[in-house]
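Grab your viewer and work through these exercises in order. Each one has a task and then a solution in steps.

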Amino acid sequence: MVTTVSENKCFGGTQGVYTHTSDVLGCDMTFGLFLPEEAAHAPVPVLWYLSGLTCTHENAMTKAGAQVWAAEQGIALIFPDTSPRGDHVADDEAYDLGKGAGFYVNATQDPWAPHFKMWDYIVDELPRVVDANFAVDMDRQAITGHSMGGHGALTIAMNNPGRYVSVSAFAPIANPTQSDWGRKQLTAYLGEDQGEWARHDATLLMAEVGFDGPVLIDQGASDQFLELLKPESLSQAMAAKRQEGTFRMQKGYDHSYFFVSTFMEEHIAFHAEALYG
């Protein structure tokens with residue numbers, strides 16, 4: 001059952017916020033959904049936006065400036081939360097583990113395993129919930145994200161061939177098995193066996209399987225987290241794989257939503273071409 005928290009008229013469509021009980025995560029979850037005006041007449045294609053560390057559904061929904069461009073293209077936007085929530089859900093004092101830092105994996109280690117199943121939530125459960133309650137066409141899906149969410153978008157897309165017609169990312173955590181933004185979380189959630197980590201590393205996946213559609217990556221050249229993100233690893237893997245796609249270093253831009261919102265129009269147009277192509 002989906003409960004409406006709020007609905008606001010937005011660029012001719014509706015920006016809604018909704019809650020539901022997640023069986024996968026064992027808690028109540030909140031998500032944002034923008035439906036363009038066309039959804040009043042027929043199901044519309046979907047673009048997923050996965051957010052980064054410390055974020056909820058609200059950050060991109062209010063800061064990315066995405067709705068105006070999604071309305072122009074007739075595309076629905078889904079803004080999931082980044083982790084399970086609730087007093088009974090395990091957490092950590094650090095900002096980069098626990099609540100707000102689900103890392104889009106299915107945790108197998110205590111104390112995270114009972115609730116931190118963000119992979120299954122994004123790939124299976126939330127799509128079913130949205131499809132059952134709103135005018136969306138789940139046969140036409142694309143996916144994007146920022147930072148930890150860029151990591152999630154890329155790894156989910158490459159591990160699910162045929163599911164998403166296109167994938168893009170803003171400043172993704174590109175090589176987490178070789179970064180402190182990755183090794184810490186993958187160890188905590190998945191354990192010490194690094195063989196379990198590979199399917200959650202965009203660079204390793206790109207080198208091994210690539211993506212069966214177009215890819216767009218934007219990275220700020222003045223990003224304060226470049227050493228943690230390791231964009232050069234992903235860029236090199238894309239080139240070696242002859243991946244259909246574009247990797248852009250954007251001079252002067254940092255890691256913020258000022259960066260994301262600057263290039264959001266181009267990302268949505270990129271996905272619209274694939275979704276309607």
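**Exercise 1.** Is threonine 3 buried, partly exposed or exposed?

*Solution.* Quick ground rules before we start: this is a predicted model, where local features need pLDDT of at least 70, side-chain atom pairs count only at pLDDT 80 or more, and totals for chains, interfaces and linings use all residues. Numbering runs from 1 along each chain as its sequence is written, and side-chain values use heavy atoms, with hydrogens and water left out.

Step 1: the cut-offs are under 20% relative accessible area for buried, over 50% for exposed, and in between for partly exposed (1.4 Å probe, protein chains only). Step 2: threonine 3 has 39% relative accessibility, so it counts as partly exposed. Step 3: place it in strand β1, residues 2-10; strands (E, at least two residues) and helices (H or I, at least four) are DSSP runs, numbered from the N terminus.

**Exercise 2.** Find what threonine 3 touches, then do likewise for threonine 19.

*Solution.* Step 1: contact means heavy atoms within 4.5 Å. Step 2: leaving aside neighbours within four places in sequence, threonine 3 is in contact with Val17, Tyr18 and Thr19. Step 3: check a backbone distance; the C-alpha atoms of threonine 3 and valine 17 are 8.7 Å apart, with their positions 14 residues apart along the chain. Step 4: hop over to threonine 19, in strand β2. With the same sequence neighbours skipped, its contacts are Met1, Val2, Thr3, Val5, Met29 and Thr30. At 23% relative accessibility, threonine 19 is partly exposed.

**Exercise 3.** Look up the two positive-phi residues below and say where each sits.

*Solution.* Step 1: phenylalanine 11 isn't a glycine, yet its phi is near 50°. You'll find it in the loop between β1 and β2 (13-22), and its 53% relative accessibility makes it exposed. Step 2: tyrosine 104 has a positive phi of about 60° and lies in the loop between β5 and α3. With 0% relative accessibility, tyrosine 104 counts as buried. Step 3: while you're in that loop, note proline 111, which is joined to aspartate 110 by a cis peptide bond, omega about 0°.

**Exercise 4.** Describe how α3 and α4 pack.

*Solution.* Step 1: two packed helices are described by the angle between their axes and the distance between the axes. Step 2: the axes of α3 (residues 118-133) and α4 (residues 148-159) come within 12 Å and cross at roughly 60°. Axes here are lines fitted to C-alpha atoms over the stretch in contact, with angles from 0 to 180 degrees between N-to-C directions. Step 3: α3 and α4 are therefore oblique to each other (angles under 35 degrees are roughly parallel, over 145 roughly antiparallel, 65 to 115 roughly perpendicular, the rest oblique). Step 4: the residues making the contact are Trp119, Ile122 and Val123 of α3, and Thr155, Ile156 and Asn159 of α4.

**Exercise 5.** Which residues have the most contacts inside the largest nonpolar core?

*Solution.* Step 1: a nonpolar core is a set of buried Ala, Val, Leu, Ile, Met, Phe, Trp, Tyr and Cys residues joined through side-chain atoms within 4.5 Å. Step 2: the largest one has 90 residues, and Leu33, Val130, Phe134, Ile143, Leu154, Ile156 and Tyr189 have the most contacts inside it. Step 3: zoom in on valine 130, which touches Phe31, Leu33, Ile78, Val136 and Met138, not counting residues up to four places away in sequence.
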